[in-house]
Protein chains: 2
Amino acid sequence: MTDDYFMQQALAEARKALAVDEIPIGAVVVFEKKIIGRGYNQTEQLRDVTAHAEMLALTAAANHLGNKYLADCTLYVTIEPCVMCAGASYWAQLKAVVFGADELKVGFRRHGQLLHPRTQVRGGVLAEECAALMRDFFSLKRK
Amino acid sequence: MTDDYFMQQALAEARKALAVDEIPIGAVVVFEKKIIGRGYNQTEQLRDVTAHAEMLALTAAANHLGNKYLADCTLYVTIEPCVMCAGASYWAQLKAVVFGADELKVGFRRHGQLLHPRTQVRGGVLAEECAALMRDFFSLKRK
């Protein structure tokens with residue numbers, strides 16, 4: 001039960017997004033080594049900017065626990081979260097946020113400290129695989 | 001149809017939150033001088049940190065228009081939005097964000113430019129009324 005294992009699960013979610021022509025980003029929330037929330041980007045299907053993979057996974061996890069605070073949970077997401085998802089992670093007081101590939105343009109890190117002080121951050125987990133999914137998606141779109 | 005008018009509508013939403021013992025923050029989204037989305041803070045009822053007034057109002061407005069972009073819409077919210085809600089507003093590419101009272105601790109402005117460059121910001125609309133609702137709520141909680 002390593003970071004790689006759970007990132008593979010987030011990648012499986014990202015592939016669900018790809019299958020429905022959404023930007024392929026996926027996320028899972030892990031509590032006591034079990035996945036308690038899953039999500040993939042559904043902003044086009046739901047026509048809703050708030051339907052990012054992370055938001056859906058956090059909501060699912062909170063529903064599962066019956067608790068809006070996810071202090072013992074880790075969010076795995078294939079791409080560095082955006083400001084909105086970092087803000088949601090702040091409120092959830094996550095134990096950790098683990099992401100795959102960097103997102104230099106709209107990733108949260110360029111805005112400084114947006115996560116809760118208690119939240120650990122690890123990036124670069126299966127980064128190449130996570131980034132490749134995005135590259136393939138956008139290169140198909142440009143054709 | 002002034003800022004004050006729509007902020008009164010956001011205040012009406014905030015009072016709905018107060019009535020169910022939620023932190024009293026309310027929001028409306030306005031398009032062509034009509035309210036097309038409403039929301040009040042429901043984080044306790046839904047046990048979900050993403051259920052802020054602004055998020056619910058943005059989702060409702062996008063559902064109404066069938067469009068995730070709200071470029072001709074203005075978000076009215078009683079308290080300065082947090083980072084999460086600013087991030088959602090960024091993605092929605094709102095025309096304007098109008099808020100009531102400042103939120104110095106968890107408001108988005110302390111983190112610099114989080115909104116879309118096209119989005120205008122106006123603060124201080126019915127600020128005293130918006131802040132008073134919050135003060136009353138927290139002073140009752142402390143008793």
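These notes cover a predicted model with chains A and B.

1. **How the chains are related.** A turn of 180 degrees, with a shift of 0.0 Å along the axis, lays chain A on chain B. The RMSD of that fit is 0.0 Å. The relation is therefore that of a two-fold axis. In chain A, the C-alpha nearest the axis belongs to A:M84, 2.0 Å away from it. Both copies use the same surface: 100% of the contact residues of chain A recur in chain B.

2. **Helix 3 of chain A.** This helix spans residues 83–92. Is it enclosed or not, and why? Eight of its ten residues are buried, so the rest of the structure largely encloses it. Buried here means under 20% relative accessible area. The buried set is A:V83, A:M84, A:C85, A:A86, A:G87, A:A88, A:S89 and A:A92. A:M84 thus appears on two counts: it is buried, and its C-alpha is the one in chain A nearest the axis.

3. **What helix 3 packs against.** Its buried residues have partners in both chains. In chain A these are helix 2 (53–65), strand 3 (73–79) and strand 4 (96–101). In chain B they are helix 2 (53–65) and helix 3 (83–92). Just after helix 3 of chain A comes A:Q93, with a positive phi near 55 degrees.

4. **The sheet of chain A.** Five strands make an open sheet with mixed pairing, in the order 2-1-3-4-5. Strand 2 (34–40) and strand 5 (120–122) are the edges, each pairing on one side only. From one strand to the next, the twist averages 15 degrees.

5. **Strands 4 and 5 of chain A.** These two strands run parallel and are joined by three bridges. A:V98 stands opposite A:R122 of strand 5.

6. **Helix 2 of chain A on the sheet.** Helix 2 of chain A packs on the sheet and touches strand 1 (26–31), strand 2 and strand 3. The direction of helix 2 makes about 145 degrees with that of strand 2. Helix 2 of chain A is also one of the elements that the buried residues of helix 3 pack against.

7. **Helices 1 and 4 of chain B.** The axes of helix 1 (residues 3–19) and helix 4 (residues 127–142) come within 10 Å and cross at roughly 10 degrees. Angles under 35 degrees count as roughly parallel, and the two helices are therefore roughly parallel to each other.

8. **The contact between them.** Helix 1 of chain B brings B:M7, B:Q8, B:L11, B:A14, B:R15 and B:L18. Helix 4 of chain B meets them with B:E129, B:C130, B:L133 and B:F137. By class, the contact has seven nonpolar, one polar and two charged residues.

How values were computed: Residues are numbered from 1 along each chain as its sequence is written. Chains are lettered from A and ligands numbered from 1 in the order in which they are written. This is a predicted model: local features need pLDDT of at least 70, side-chain atom pairs count only at pLDDT 80 or more; totals for chains, interfaces and linings use all residues. Side-chain values use heavy atoms; hydrogens and water are left out. Buried means under 20% relative accessible area, exposed over 50%, partly exposed in between (1.4 Å probe, protein chains only). Helices (H or I, at least four residues) and strands (E, at least two) are DSSP runs, numbered from the N terminus. Contact means heavy atoms within 4.5 Å. Two strands pair if DSSP finds at least two bridges between them. Axes are lines fitted to C-alpha atoms, for helices over the stretch in contact, and angles run from 0 to 180 degrees between N-to-C directions. Copies are superposed by least squares on the C-alpha atoms of residues with pLDDT of at least 70 in both. Angles under 35 degrees count as roughly parallel, over 145 as roughly antiparallel, 65 to 115 as roughly perpendicular and the rest as oblique. Ala, Val, Leu, Ile, Met, Phe, Trp, Tyr, Cys and Pro count as nonpolar, Asp, Glu, Lys and Arg as charged, and the others, Gly among them, as polar.
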